[in-house]
Amino acid sequence: MKPWRDGNLLVIVVKDVEEITEVRQQVETPKPLIVKKVSQKDKKAIKASIKLQAWWRGTLVRRTLLHAALRAWVIQCWWRLTTDRLLQKKRREALVAYAHAERAVVKLQSLIRMWRVCWRYNQVLNAIYFIQCHWQCHNCQTCAFLRGHCVVTDTHLQFHIEIVNP
């Protein structure tokens, strides 16, 4: 129901239920349509205006869809960038953790190798001291010399002692 008729505003004040039905019946009765003869020129103008309106509405719909697609594209780009940054951050953290673990392993291996070489060196040094101590106790008529040669490899320590008579 339109609250206006023929460009004039219609104010209905409802006081009783019976009046409402009467008013509704009065307002809702359709008026007979007046059919005018439309000329051929007017028909073409109406068709052209309908086409123009359809084109304009289609343009507005396409523009709205384009804006919605662009907004969705911007959100998708932002989301991909954010997830890529998070992935790069996780990769970097994993790489740093791996580097720390590898550095600790290498350091531990180095310390163990150093301890093993030191231990072998001390064994050889103790053997040399023992040989020197026993050699000094002997009275030798010819006065021989001790000549030593040491070879250190990554697995063991070799020490060669030669007794040279002049």
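Colleague: How many disulfides does the count come to in this protein?

Modeller: The count comes to zero disulfides in this predicted model. A pair would require two cysteine sulfur atoms within 2.5 Å, so none is assigned.

Colleague: Why is Cys-77 called partly exposed?

Modeller: The relative accessible area of Cys-77 is 31%. Buried requires under 20% and exposed requires over 50%, so a value in between is called partly exposed. Cys-118, at 44%, is placed in that category by the cut-offs as well.

Colleague: What makes the nonpolar surface patch, and what is its area?

Modeller: Leu-52, Trp-55, Trp-56 and Leu-60 make the patch, which covers about 430 Å².

Colleague: Why does Leu-60 count as partly exposed, and where does Leu-60 lie?

Modeller: Leu-60 has a relative accessibility of 32%. This value is neither under 20% nor over 50%, so the residue is partly exposed. Membership of a patch requires over 30%, and Leu-60 therefore passes that cut-off. Leu-60 lies in helix α2, which spans residues 40–137.

Colleague: Which elements have the lowest and the highest mean pLDDT?

Modeller: Strand β1, residues 4–5, has the lowest mean pLDDT, 50, whereas α2 has the highest, 91. Where pLDDT is low, the predicted coordinates should not be read in detail. For the protein, the mean pLDDT is 79, and 65% of the residues reach 70 or more.

Colleague: What pattern does the protein follow along the sequence?

Modeller: The order is β-β-α-α-β-β, which comprises two helices and four strands.

Colleague: What percentage of the residues count as buried?

Modeller: Of 166 residues, 4% count as buried, the cut-off being under 20% relative accessible area. The protein exposes about 15,900 Å², of which carbon and sulfur atoms supply 62%.

How values were computed. Residues numbered from 1 in each chain as written. Predicted model: local features only at pLDDT ≥ 70, side-chain atom pairs only at ≥ 80, totals over all residues. Heavy atoms only, no water. Buried < 20%, exposed > 50% of the residue type's maximum accessible area, 1.4 Å probe, protein only. Patch = residues over 30% accessible without salt bridge, like charges linked within 9 Å, V, L, I, M, F, W, Y side chains within 5 Å. Areas by Shrake-Rupley, 256 points an atom, 1.4 Å probe, with all protein chains shown as cover. Salt bridge = Lys/Arg side-chain N within 4 Å of Asp/Glu carboxyl O. pLDDT = per-residue confidence, 0-100.
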